[in-house]
Amino acid sequence: MSIETMIFLFTSMLLMGVLATKFSTRLGLPSLVLFLLVGMGMNQFVFFENVEITQLIGIMALIIILFEGGTQTKWSQIKPIIGSASILATFGVLITSAIAGLAAMYILNFSLLEGMLFGAIVGSTDAAAVFSVLGNKNIKRKLTSTLEAESGSNDPMAVFLTVAFIEIIQIPDSSIWTAVGSFFLQMGLGLILGVALGKLTVLIINHIKLDTAGLYPVLALAMASLTYILTDSIGGSGLLAVYVMAVVVGNNDLLYRFTILRFNEGFAWMMQILMFILLGLLVFPGQLLEIFWQGIALSIILMFVARPIAVFLSLVFMKYNLKEQVFVSWAGLKGAVPIVLATYPIIAGIESSQLIFNAVFFVVLISALVQGSSLSWLAEKLKLTGKEKEDLLPSLEIINLGTTDSEIIEVAITEKSPAVDTSLIDLILPDNTLIIGIIREGELITPTGNSVIHVNDTLYVLSHKKSREKAKAVLIGKKKEKKPKVTEA
């Protein structure tokens, strides 16, 4: 393939991916469905079968998607449901995998181990699918937080089960207890290194002085990749570490937050487009038709039997009512992770690997098409919709003015800001600090001394770099310190 052809293919994938996103919104379908269909359509004209390259790009895309999703996750919202999400991400995946594996054994005429391998691959929900489908839905925060936390943390269980069954198939004498010990090691290292490297990332971004703000998103993304590499190289779960690291970064006071988040959002979309289209290129429609009825049967069992049983058993002692459990059951979206995991048996040379891959692809397509497109409808029918999502944390954007010691700060004023209802002339700002613009209800207001700051205003502040923290304290306040508990004698 010539360089010109590769560039044309890359450009075509991006353009068709963007157009597919536009049409998916109008049709009410998850964009990943159209991405996969675009890939399947392109393989009629472009021959592509490099599974190793697809797996590599898939893992890179998952790192970026998990990092982007994690930085958008508010710890205050997932803290109350972290126990539920953890049980779903482990016990829930195990139950789903077992039921799906037994079904595949009979429907696809697999051996028990081959069936369990299939179940392990499709047992987890997918972060890319969940983040993209739930991102703009007006669904109760408790449920979206549960699903996002589950999908961001259940990859280790799916990877562990997939690798374990491949090893047992290839080496029948393998010890299952060794694999179990490896799983807990992966989880532990993923959590520890995720937290540690997340704090290190915040420290570096807030103290390093780069000449342009455009380099800060690159630095953040490099730290996410480094987190995956370091964790994976010592036997931990790299994907879990990336998600935890991103949650830490997103919930700390971070300079250049807006620039980093917007860059990651665009980059994550680009990687989603490339990943799903490449995965679609590996499948031919004729191969899916050969397992049409088997794929339909497996999809029905996953959606209506395996996932609901896993959810009800996992949340039986949790504070979720029946309607909420039904919704969580239906929101067990499949996506990139199962398809990427389905490349593992191919690379390992498992005899039934191509059939497993085709069946997994079919299940993912049906899941995204049926479940993804009906989530909003189901939430409304179950009366589980909530208030419109709001960005609860103040937005603080730094515009670096070259090599000077000055910068422009963008500050979003919330109800908790101490500067609310205060005129600019009464604000006690640091020296060499000036409010140069106010955005109110979409209009730019030229500030004067008599201008009063309102809730939901966005202020543009010209300040010396050394005065940044003092300006922040005046405009959006300092974090409240926890008061020590006083015990009565």
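A residue counts as buried when its relative accessible area is under 20%, as exposed when that area is over 50%, and as partly exposed in between. The exercises below apply this to a predicted model.

**Exercise 1. Describe the protein as a whole: how many helices and strands does it have, and what share of its residues is buried?**

Step 1. Begin with the secondary structure, which consists of 20 helices and five strands.

Step 2. Turn next to burial: of the 489 residues in the protein, 53% are buried.

Step 3. Consider then the surface, where the protein exposes about 23300 Å², with 65% of that area supplied by carbon and sulfur atoms.

Step 4. Finish with the contacts that have a separation of 6 or more, of which 80% are between residues 24 or more positions apart.

**Exercise 2. Work out how helices H5 and H6 are oriented to each other, and which residues make their contact.**

Step 1. Helix H5 covers residues 82-107 and helix H6 covers residues 112-122, and the two pack with their axes 7 Å apart at an angle of about 135 degrees.

Step 2. Angles of 65 to 115 degrees count as roughly perpendicular and those over 145 as roughly antiparallel, and H5 and H6 are therefore oblique to each other.

Step 3. The handedness of the crossing of H5 and H6 is right-handed.

Step 4. On the H5 side the contact is made by Ser-97, Ala-98, Ala-100, Gly-101, Leu-102, Ala-104 and Met-105, while H6 contributes Leu-112, Gly-115, Met-116, Phe-118, Gly-119, Ala-120 and Val-122.

Step 5. Sorted by class, the residues of this contact between H5 and H6 comprise 10 nonpolar, four polar and no charged.

**Exercise 3. In the loop between H5 and H6, decide whether Leu-108 is buried or exposed, and do the like for Asn-109.**

Step 1. Leu-108 lies in the loop between H5 and H6, and Asn-109 is found in that loop as well.

Step 2. The relative accessible area of Leu-108 is 8%, so Leu-108 is buried.

Step 3. Leaving aside residues up to four places away in sequence, Leu-108 touches Gln-294, Leu-298, Leu-355 and Ala-359; of these, Ala-359 is 251 residues away along the chain, yet its C-alpha atom is separated from that of Leu-108 by 9.0 Å.

Step 4. Asn-109 has a relative accessibility of 68% and therefore counts as exposed.

Step 5. The backbone of Asn-109 also deserves a note, for its phi is positive, at about 60 degrees, although Asn-109 is not a glycine.

**Exercise 4. Find where Lys-383 lies and classify its exposure.**

Step 1. Lys-383 is found in the loop between helix H19 (353-381) and strand E1 (396-400).

Step 2. With a relative accessible area of 68%, Lys-383 is exposed.

Step 3. Its phi is near 60 degrees, which is a positive value in a residue other than glycine.

**Exercise 5. Describe the crossing of H11 and H12, and then place Thr-201 by its contacts.**

Step 1. The axes of helix H11 (residues 215-233) and helix H12 (residues 238-250) cross at roughly 145 degrees and come within 8 Å, and the crossing is right-handed.

Step 2. Where the two helices meet, H11 supplies Ala-220, Met-223, Ala-224, Thr-227, Tyr-228, Thr-231 and Asp-232, and H12 supplies Gly-238, Leu-239, Ala-241, Val-242 and Met-245.

Step 3. By class, the contact of H11 with H12 holds eight nonpolar, three polar and one charged residues.

Step 4. Thr-201, in helix H10 (residues 176-207), is buried, with a relative accessible area of 1%.

Step 5. Not counting residues up to four places away in sequence, Thr-201 touches Met-223, Met-245 and Val-249; Met-223 of H11 and Met-245 of H12 also appear where those two helices meet.

Technical notes
Residues are numbered from 1 along each chain as its sequence is written. This is a predicted model: local features need pLDDT of at least 70, side-chain atom pairs count only at pLDDT 80 or more; totals for chains, interfaces and linings use all residues. Side-chain values use heavy atoms; hydrogens and water are left out. Axes are lines fitted to C-alpha atoms, for helices over the stretch in contact, and angles run from 0 to 180 degrees between N-to-C directions. Helices (H or I, at least four residues) and strands (E, at least two) are DSSP runs, numbered from the N terminus. Angles under 35 degrees count as roughly parallel, over 145 as roughly antiparallel, 65 to 115 as roughly perpendicular and the rest as oblique. A crossing is left-handed if the near helix is turned anticlockwise from the far one by less than a right angle, and right-handed if clockwise. Contact means heavy atoms within 4.5 Å. Ala, Val, Leu, Ile, Met, Phe, Trp, Tyr, Cys and Pro count as nonpolar, Asp, Glu, Lys and Arg as charged, and the others, Gly among them, as polar. Buried means under 20% relative accessible area, exposed over 50%, partly exposed in between (1.4 Å probe, protein chains only). Accessible areas come from the Shrake-Rupley method with a 1.4 Å probe; for residues, only the protein chains shown count as cover.
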